[in-house]
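Here's a quick tour of a protein, pitched for someone fairly new to reading structures. Have a look at the picture below, then work through the points at your own pace.

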Amino acid sequence: MSEELKASSFPLLALDIGGTKVGWAIISLVGEELLVTESGSIPTLALEGGAEVASRICELVASTSSSFPEIKGVAVASAGVVDPRTGKIVSATNTMPGWGGTDLGDLLREASGRPVWILNDVHAHGLGEARLGAGVGHDTVLSVAVGTGIGGALIHDGEVVFGSHNLAGHLGHIHHHFAPEMLCSCGRMGHIEAFCSGSGITAWYEARRSTQDPKALNGRRLQELADSGHPLAAACFTESAYALGEALGSLANCVDPAIIVLSGSMTRSGEAWWASLREGYRASAMNAVADLEIVAGSLGSNAPLLGAFIHYLNQIASS
């Protein structure tokens with residue numbers, strides 16, 4: 001573990017703000033291990049709007065800070081495009097209406113009375129996997145989360161690459177010719193998130209099925225159909241995985257990672273999904289990166305919380 005992580009062992013309150021729930025944990029550094037001493041979650045209730053979500057999070061932070069006065073700061077992983085310097089949510093998709101424009105950093109500093117550092121939740125996830133999980137030992141890690149949506153992060157030498165507009169890692173918004181008329185959460189058409197994500201693959205099946213095919217109301221039902229041998233359901237999984245693999249191959253050609261780490265619910269779609277993804281990757285990747293390892297993440301739902309903790313300490317070390 002790096003020197004900046006060894007430099008401080010104070011407890012932080014870490015938050016993971018997602019579309020479904022807001023997870024929290026109190027994390028300390030003990031020796032070279034990160035120790036979670038308390039944890040919990042509240043529902044996000046994202047459709048109530050950004051202002052209501054922010055208000056509930058502030059109440060959570062104020063209450064937790066009061067109950068655990070030893071907390072020295074707040075480390076946050078949040079959905080949306082985040083300005084990591086200020087903690088403002090620059091923009092967000094329609095999965096959390098009104099979240100874009102929220103001055104989250106200022107609100108949480110006022111609620112907690114403590115320093116606050118915020119980064120995008122998928123950036124935090126990637127940082128956690130790169131520093132503490134499946135990417136350990138690799139200098140450049142491409143982390144990809146394939147769940148309800150698709151996001152990612154490029155981690156180089158233990159730091160997130162944010163880009164000039166803090167958009168780096170929005171991997172779900174790469175166009176693919178397999179589904180040019182599928183609407184993405186960002187409002188554009190034909191992005192891989194629109195048919196390769198958990199919500200997207202279900203929508204793709206519904207758009208393609210005949211009246212004789214059974215409905216698939218969610219990803220679990222679609223997985224059951226595919227596992228039972230339903231040809232269209234199975235094709236949706238293998239074809240979307242192949243397309244995602246092609247996109248990853250193109251990304252690897254551009255950024256030259258040492259390893260690709262995948263996480264999220266779609267990675268539990270079975271061997272056929274993984275085989276199709278790797279086939280698509282090899283079809284697109286140049287020779288130098290064609291044999292790159294593509295592995296599943298190892299930290300699970302703790303990755304964003306741990307990544308937020310690491311990001312906070314990185315900022316303290318560099319200030």
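What follows goes from the whole protein down to one helix and two residues.

Keep in mind that this is a predicted model. The chain has 10 helices and 12 strands, and 53% of its 319 residues count as buried.

**Overall shape**

- How does the radius of gyration fit with a compact globule? For 319 residues you'd expect a value near 20 Å, and the protein has 20 Å, so the two agree.
- Along its principal axes, the C-alpha trace spans about 60 × 45 × 35 Å.
- Take the contacts between residues at least 6 apart in sequence: 61% of them join residues at least 24 apart.

**Surface and charge**

- About 13800 Å² of the protein is exposed, and carbon and sulfur atoms supply 52% of that area.
- The protein carries 18 positive and 32 negative charges. Work out the mean position of each set, and the two points turn out to be 5 Å apart.

**Helix H8 and its end**

- Helix H8 covers residues 231-255, which makes 25 residues.
- How far should H8 reach from end to end? At 1.5 Å a residue the expected span is 36 Å, and the end C-alpha atoms are 36 Å apart, so the model agrees with the rule.
- Right after H8 comes Asp256, and its phi is positive, near 55°.

**Cys254, a residue of H8**

- Cys254 sits in helix H8.
- Is Cys254 buried or exposed? Its relative accessible area is 65%, and exposed means over 50%, so Cys254 counts as exposed.
- Count along the sequence from Cys254 to Ala285 and you get 31 residues; in space, their C-alpha atoms are 9.7 Å apart.

**Val144, a residue of E8**

- Val144 belongs to strand E8, which runs over residues 140-146.
- With a relative accessible area of 1%, Val144 falls under the 20% cut-off for buried, so it counts as buried.
- Which residues does Val144 touch, leaving aside its neighbours within four places in sequence? The list is Ile150, Gly151, Gly152, Leu171, Leu248, Ile260, Val261, Leu262 and Ser263.
- One of those contacts, Leu248, falls within the residue range of helix H8, 231-255.
- Val144 and Asp227 are 83 residues apart in sequence, and their C-alpha atoms are 25 Å apart in space.

Methods: Residues are numbered from 1 along each chain as its sequence is written. This is a predicted model: local features need pLDDT of at least 70, side-chain atom pairs count only at pLDDT 80 or more; totals for chains, interfaces and linings use all residues. Side-chain values use heavy atoms; hydrogens and water are left out. Helices (H or I, at least four residues) and strands (E, at least two) are DSSP runs, numbered from the N terminus. The expected span of a helix is 1.5 Å times one less than its number of residues. The radius of gyration is taken over C-alpha atoms; the globule rule is 2.2 Å times the number of residues to the power 0.38. Buried means under 20% relative accessible area, exposed over 50%, partly exposed in between (1.4 Å probe, protein chains only). Contact means heavy atoms within 4.5 Å. Accessible areas come from the Shrake-Rupley method with a 1.4 Å probe; for residues, only the protein chains shown count as cover. Lys and Arg count as positive and Asp and Glu as negative; His and the chain ends are not counted. The place of a charge is taken as NZ of Lys, CZ of Arg, CG of Asp or CD of Glu.
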